[in-house]
Structure formats: C-alpha cells, structure tokens
Amino acid sequence: HCIERWEDQRSPFSWVSVAPNGERSVIIFPNVLNYLTPEKVDAAMVGCIDGSLHFHTDVATVPLRTTLQAVEVASAADCMIFTDLDTDPIYLLEEAGIGRQKELEAILQKTDVLKSCLTAATQLTGEEDPRLSCRALHETYGSRYTVVTAGKEGSCLAYNGEEYEIQALGPSAVDPTGAGGAYFGGLSYALLMGINGEEAGYFASACAGYACSRMGALALGTLAEINAVLAGEDPAVEDDNSQDG
C-alpha cells in the first residue's frame, strides 16, 4: 500500500556482469530514486515507516538527505534501523555526489544494525583486517550489531561486548550477486525470531551462502533450505533456471 508510481519517470535498475571466477561488476541506474526528497518522505512514507518493526535502508543510490529523514522518522518510532553500507563511501560522496559526510555520519550514528563490506569499512576506519575494522566501526558508531562482510573469507560480527568471526557457509559459489542483501535479510529475520549474537550471524551467513550457490539475485531459499545449509548439507537444485523466493 506504500507503492507510488510516477508515470513520467524511469524505474531504478542495475546491470550486473559476472566473470567465470565469480568476480562481478554492478552498474546502478537510480533514475526515479534521484528525485526522492525529505519532503516526499514526510508526505507519503511516514505511515509505512513508523508502523514497522525493522527499517532497512542502504547508502548507495538514494540522496543521503532523504535517507537521513527516513532514518529520523524510524528512530522517532523506535524501529530497529538496519543500514547496509556496501559501496565505497568516498566514491559515493566525492564522485557520485549523493550527499555530505555529516549526513552519512548522522545516518550511521542512528543505526542499530550496521552491515558494511570490507572496502567501505576500510575507507571509514583505515583498518584492512575485517575484525579490526568491525571493532573500529562498532566503537565509533555504537550500533547494537556491527557486521563487516569479506566474501568467501566470511564475516565479522560485534554484539553486546563480544566479537565473532563467522565463516562463509554453503555449497560451491557460482554467482555472488545478491549475497549481501541475502545476508542483510537473513540477519533481520533472525533477530525478529529472537535469534541473537553469533547464532544470528551464522543464519545470515547461510542465507548469503545459499544465494551464492544459485544464479541470479533472487536466489533466497526457503527456511528449510537455509536450515540445510546450516547443517552442512547442499540443498538440491531442482531447476537450474528457477528462482527461489
């Protein structure tokens, strides 16, 4: 019920190319997202945001001033705020021009669950080691959960005074597209189900591992398939062209 259609604007879309070794390049066309404003958040989105338990956002395409306004609304409604930082923030600020440093800092300071790729974490902290960069992010922004993902090297998670190294899970990877989103969604689901700490990190890792084992960005798996990955099993692929929801 929160969908708006602007007939005179193009939808956002992305081109993703994946090399045989799994390396990928993503070209994002924000299109209509460029025209989202804080005023539009207040006019059309408050009722959706403040009725949510978890509010997911990212730092990638939407202008930061708009993202910050949405985060402010979510914070006032006591939603748990999830922020995904999956792109080099220096590039986003200085080259893509999506916002200012102080807007990025304000978003991260209000974030409850911060997930960052290693590249972004290194840019913000100067630390190239996943565990050190995760610790530095956690101490700087004070999120309830801080996660730094490092692809096949797994991820690092800081929570409640503890730090965990979460290994990558799942069968052989064929396409990493969507793995970050699957991890993010898996972590959110785990927390909704009352799963916390290291166990939540492993559930998220299983979601990411399943996504990597299938072609396409929508290979999310069922709960039974994710539990199979957690158990060290390889869920059977019934149809190479299928997209699990």
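These legends walk through four close-up views of a predicted model.

**View 1. Helices H1 and H2 pack against each other.** Start with H1, which covers residues 38-49, and H2, which covers residues 64-76. Their axes lie 10 Å apart and make an angle of about 35°, and H1 passes H2 in a right-handed crossing. On the H1 side, look for Pro 38, Glu 39, Val 41, Asp 42, Val 46 and Ile 49. Their partners in H2 are Arg 65, Thr 66, Gln 69, Ala 70, Val 73 and Ala 74. By character, the residues of this contact divide into 7 nonpolar, 2 polar and 3 charged.

**View 2. Asn 31 has a positive phi.** Here we visit the loop between strand S2 (24-29) and H1, where Asn 31 sits. Its phi is near 50°, a positive value in a residue other than glycine.

**View 3. Asn 160 also has a positive phi.** This residue belongs to the loop that joins strand S7 (155-159) and strand S8 (162-166). The phi of Asn 160 is near 55°. Asn 160 is exposed, with a relative accessible area of 62%.

**View 4. Cysteines without disulfides.** How many disulfides does the structure hold? The count is 0. Take Cys 79: the closest cysteine sulfur is that of Cys 48, and at 11 Å it is too far for a bond, because a disulfide needs sulfur atoms within 2.5 Å. Cys 79 is buried, at 4% relative accessibility. Cys 212 is in no disulfide either, and its nearest cysteine sulfur, in Cys 207, is 11 Å away. With 15% relative accessibility, Cys 212 counts as buried.

Technical notes: Residues are numbered from 1 along each chain as its sequence is written. This is a predicted model: local features need pLDDT of at least 70, side-chain atom pairs count only at pLDDT 80 or more; totals for chains, interfaces and linings use all residues. Side-chain values use heavy atoms; hydrogens and water are left out. Axes are lines fitted to C-alpha atoms, for helices over the stretch in contact, and angles run from 0 to 180 degrees between N-to-C directions. Helices (H or I, at least four residues) and strands (E, at least two) are DSSP runs, numbered from the N terminus. A crossing is left-handed if the near helix is turned anticlockwise from the far one by less than a right angle, and right-handed if clockwise. Contact means heavy atoms within 4.5 Å. Ala, Val, Leu, Ile, Met, Phe, Trp, Tyr, Cys and Pro count as nonpolar, Asp, Glu, Lys and Arg as charged, and the others, Gly among them, as polar. Buried means under 20% relative accessible area, exposed over 50%, partly exposed in between (1.4 Å probe, protein chains only).
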